[in-house]
Amino acid sequence: MWIRSTMAYRASFVMTAVGNFAMTFLDFVTIALMFSQVDALGGYSLSEVAFLYGLSGVSFGIADLGIGSMDRLGRRVRDGTLDTLLVRPAPVLAQLAADRFALRRLGRLTQGALVLGYALATVHIAWTPAKLLLMPVMLVSGAGIFCAVFVAGAAFQFVAQDASEVQNAFTYGGTTLLQYPPTVFAKELVRGVTFVLPLAFVNWLPASFVLGRPYPLGLPEWTAFTPPLVAVACCALAGLAWRAGLRSYRSTGS
C-alpha cells in the first residue's frame with residue numbers, strides 16, 4: 001500500500017530518494033576530503049576505508065529499508081494507536097516494519113553499494129575462495145545485526161516511550177562508527193562494540209580478514225567467520241526483548 005502511494009507521486013519519490021542519496025553521499029565526501037590532506041587514516045588507505053564504509057552502508061541500508069520504521073513505535077505507544085495493530089490478524093512486528101514504508105531509503109542503499117563498488121575496484125585484495133564467500137555473508141549478517149538493533153531499540157520504547165533518538169544513536173550512529181577504521185577509536189569503545197553491542201561483526205572483523213589487516217583487540221582469525229552466528233544470537237535476543245516489551249504493554253487506558 002505504501003509503495004503504491006509513493007509511486008502515485010513519482011516526481012516526489014525521485015526527489016526524496018535523490019535527496020536521501022545526496023545526504024549520505026556527503027558523508028563519504030567528508031572522508032575523501034580528509035584524504036586530500038593525509039595519506040592514511042588510522043593506517044588505512046582511502047580504498048580500505050571505502051571498503052569499510054560500503055560494507056556498513058549496504059548492510060545498514062538493507063536493514064533500514066526493511067525495518068527502519070520501528071522508531072515510530074514510541075509514538076504509537078504514547079497515543080494508543082498501537083492497539084489498532086494488536087487487533088489485526090498479523091504479527092505486530094511485521095505491521096510496524098511496514099508502517100509508512102519509505103521506499104526513498106533505496107537512496108542510502110544505492111549510495112553504499114556504489115561506494116562498495118568503488119572500493120572493490122581500487123583496493124588491493126588477494127582474493128581466495130574464503131574471502132569471496134565471506135563477502136555476501138558479511139552483508140547478510142550485517143543486515144541481520146542491524147535489524148536486531150532496530151528491534152531491540154523498539155522494545156526499549158515500550159518502557160521509555162519517547163526514546164526514538166536513543167534508538168537512532170545505536171542504529172544510525174552505529175553505522176557511522178563502522179565507516180571508520182577501528183584503529184582511530186579508543187580500545188574501550190572497540191571493546192564495547194565487540195563484546196557488548198557486537199557491531200564490530202558487521203564489518204571490522206570480517207573486513208580485517210579480507211583486507212589482511214590486524215584484527216581489533218588482537219582477536220583470533222576465526223572470529224572473522226562468526227558474523228552469521230552473532231547475527232542469529234542478536235536476532236534471538238532481540239526477539240525475546242520484543243516479546244517481553246509487547247507483553248508489558250497496557251495501552252493508554254481511558
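Good morning. I begin with Leu217, which is partly exposed, with a relative accessible area of 32%. That label applies because the value lies between the 20% limit for buried residues and the 50% limit for exposed ones. I should say at once that the model before you is predicted.

Where does Leu217 sit? Leu217 belongs to the loop that runs between α11 (204-211) and α12 (227-248). Its backbone also deserves a remark: the phi angle of Leu217 is near 65°, a positive value in a residue that is not glycine.

I turn now to the surface. Which residues form the nonpolar patch there? They are Phe156, Val159, Val166 and Phe170, and together they have about 390 Å² of accessible area. Two elements, α8 (129-160) and α9 (164-178), each give two or more residues to this nonpolar patch.

Let me take one member of the patch, Phe156. This residue is found in helix α8. Phe156 has a relative accessibility of 41%, and therefore counts as partly exposed.

Helix α8 also brings me to my last topic, helix packing. Two packed helices are described by the angle between their axes and by the distance between those axes. Here, α8 packs with helix α3, residues 46-67, at an angle of about 50°, and the two axes are 8 Å apart. That angle makes α3 oblique to α8. What is the hand of the crossing of α3 and α8, left or right? The crossing of these two helices, α3 and α8, is right-handed.

To close, helix α8 links two of these topics: Phe156 is found in α8, and α8 packs with α3. Thank you.

Key: Residues numbered from 1 in each chain as written. Predicted model: local features only at pLDDT ≥ 70, side-chain atom pairs only at ≥ 80, totals over all residues. Heavy atoms only, no water. Patch = residues over 30% accessible without salt bridge, like charges linked within 9 Å, V, L, I, M, F, W, Y side chains within 5 Å. Areas by Shrake-Rupley, 256 points an atom, 1.4 Å probe, with all protein chains shown as cover. Salt bridge = Lys/Arg side-chain N within 4 Å of Asp/Glu carboxyl O. Helix = DSSP H or I, 4+ residues; strand = E, 2+ residues; numbered from the N terminus. Buried < 20%, exposed > 50% of the residue type's maximum accessible area, 1.4 Å probe, protein only. Axes fitted to C-alpha atoms, helices over the stretch in contact; angles between N-to-C directions. Parallel < 35°, antiparallel > 145°, perpendicular 65-115°, else oblique. Left-handed = near helix turned anticlockwise from the far one by under 90°.
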